[in-house]
Amino acid sequence: MQKEKLYGKTLNELIVVTRRIRLPGFAAKQIADWLYKKEIISIDEMTNLSKKMRELLSNDYEIGLSSPVSVAESLDGTKKYLFKVLNDKYIETAYIPDKERATICVSSQAGCKMGCVFCLTGKQGFQGNLSSNEILNQFRCLPEFRKITNMVFMGMGEPLDNITEVMKSLDIMTSEWGYGWSPARITVSTVGLKNTIKEFLEKSRCHLAVSLHSPFDEERRKLMPVQGTNSIREVLDIIRGFDFTKQRRVSFEYILFQGMNDTSRHIKELARILNGIKCRVNIIRFHHYTGSDLRSPDIGAVIDFKEALNAKGILTTIRTSRGVDIGAPCGLLSTAELNKK
Ligand code: SF4
């Protein structure tokens, strides 16, 4: 019989575990401590639980950590790890060192339902939601685990389409009984799902990043089919109901494609729809990959676009592409792995 994994359980879930096997109530907090603060790899190491208690726990449970199956390393220090999940699927995790910061980019699903036309993960289709164990295992089992300062949910999948497991992961990362991180070290990126974005904004204090890519409905729908049912205007209205003037930030990701979303018309409309929201726009230069009809703009066009938006009063930055030599587009490694089968 397969044992249930303890790593990735919230304190409330650990309380349920202790009740189920008749351990004293205080044991849940002790187990959380061993899992998230003392970084053990086996139940036997939980030495403040009696031998009998450890035996009871081991009968049905295991810690449940799993190492990456491969890694690709870029000349710029970025690493992309491949993890096996859901028995036979693959997900990617990026480790991005940058001066005193080191960011981990985690996946929340294997594949994705959203079908954004510029995305390789979208082309894989949906293969399954990751559990909070599989989400946080990417963090815990990275060889650089102790160096990580920031976490972004920008890997494979749409985090708000797997809201339950993503919220559990955030709870573990930011609670005092868990890793105790400040929510300001974590950013969750979304295409903008109106049914779950509100829950995320109400129940967490982590930063939000919204993939925008075009301010025009029809054009955005062609790039991101989700626009058909979750219009950016409705999503912006929800965002306007929350306070982003203090610790919490909202940013808008804008992948720039040559000859598509890079005109002065786009700049004007972006400034109009973002009016009144304290935010930042991150411009990302599209990197062409084999099989895509979309084109990369030259770097001068990216700088011009940024400056024009800044001139309209919108704080705009260019996000440097990292790991280009190992396949910057998310989904490249896992697609190659799937194709081997
Ligand atoms: S860009 Fe994100 S939401 Fe869109 S298909 Fe790719 S993984 Fe899914």
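Me: So, helices (at least four residues) and strands (at least two) are DSSP runs, numbered from the N terminus. Using those labels, where does Leu-86 lie?

Reply: You'll find Leu-86 in the loop between E4 and strand E5 (89–98). Before we go on, keep in mind that this is a predicted model.

Me: Okay. What is there to notice about the phi of Leu-86?

Reply: General idea: most residues other than glycine have a negative phi. Now the case here: Leu-86 isn't a glycine, yet its phi is positive, about 45°. As for its surroundings, Leu-86 has 28% relative accessibility and so counts as partly exposed, since that label covers what falls between buried (under 20%) and exposed (over 50%).

Me: What is the phi of His-213, and where in the chain is its place?

Reply: His-213 is another non-glycine residue with a positive phi, near 70°. It sits in the loop between E11 and H8. Its relative accessible area is 3%, so His-213 is buried.

Me: Let's try helices. How should I read which way a helix faces?

Reply: Start with the general idea: an α-helix has 3.6 residues a turn, so residues three or four places apart point the same way. Now take helix H3 (residues 51–60), where the buried residues are Met-53, Arg-54 and Leu-57. Looking down the axis of H3, you'd see these buried residues within an arc of 100°, so they line one face of the helix.

Me: Which exposed residues does the face of H3 turned away from its buried side carry?

Reply: That face has Lys-51, Lys-52 and Asn-59. Over on the buried side, the cover includes helix H1 (11–20), helix H2 (27–36) and strand E2 (61–62).

Me: Let me read H9. Which residues of helix H9 are buried?

Reply: In H9 (residues 232–240), the buried ones are Ile-232, Val-235, Leu-236, Ile-238 and Ile-239. Down the axis of H9 they fall within an arc of 155°, so once again one face of the helix is lined by buried residues. They pack against helix H7 (194–203), strand E11 (207–211), helix H8 (217–223), strand E12 (250–256) and helix H10 (264–273).

Me: And how many of the residues of H5 are buried?

Reply: Nine of the nine, so H5 is largely enclosed by the rest of the structure. Among these buried residues are Asn-133, Glu-134, Phe-139 and Arg-140.

Me: How do I read a pocket, then?

Reply: The general trick is that rolling a probe the size of a water molecule over the atoms shows where empty space is left. In this model, the second largest pocket has a volume of about 450 Å³. Strand E1 (4–5), strand E4 (79–85), helix H5 (132–140) and helix H6 (163–174) each give two or more residues to its lining. H5 gives the most, with five residues.

Me: Which residues lie nearest the centre of the second largest pocket?

Reply: Of the 25 that line it, Lys-5, Gly-64, Ser-131, Asn-133 and Glu-134 do. Sorted by class, the lining has six nonpolar, 10 polar and nine charged residues.

Me: How do the residues of the shell around the ligand divide?

Reply: That shell has six nonpolar, three polar and no charged residues. Cys-112, Met-114, Cys-116, Cys-119 and Val-191 are among the residues that surround the ligand.

Me: Can we finish with contacts? Which residues is Ser-211 in contact with?

Reply: Sure! If you skip its neighbours within four places in sequence, Ser-211 is in contact with Ser-189, Thr-190, Val-191, Arg-220, Met-224 and Glu-253. Ser-211 is in strand E11, and it is buried, with a relative accessible area of 12%.

Me: What about Arg-220: buried or exposed?

Reply: Arg-220 is buried, at 1% relative accessible area. It is found in helix H8. The residues Arg-220 touches, beyond four places away in sequence, include Val-191, Ser-211, Gln-227 and Ile-232. Arg-220 and Ser-231 are 11 residues apart along the chain, with 9.1 Å between their C-alpha atoms.

Me: One last one: what does Leu-256 touch?

Reply: Leu-256 lies in strand E12 and is buried, with a relative accessible area of 0%. Not counting residues up to four places away in sequence, it touches Asn-261, Ile-283, Phe-286, Pro-297 and Phe-305, among others. Lys-3, by contrast, is 253 residues from Leu-256 in sequence and 46 Å away in space, C-alpha to C-alpha.

Technical notes
Residues numbered from 1 in each chain as written. Predicted model: local features only at pLDDT ≥ 70, side-chain atom pairs only at ≥ 80, totals over all residues. Heavy atoms only, no water. Buried < 20%, exposed > 50% of the residue type's maximum accessible area, 1.4 Å probe, protein only. Arc of directions from axis to C-beta. Contact = heavy atoms within 4.5 Å. 1 Å grid on protein atoms, 1.4 Å probe; cavity = no way out; pocket = protein on both sides within 12 Å on 5 of 7 lines; lining within 4 Å. Points joined across faces, edges and corners; volume = space filled by probe spheres on them. Nonpolar A, V, L, I, M, F, W, Y, C, P; charged D, E, K, R; others polar. Near = heavy atom within 4 Å.
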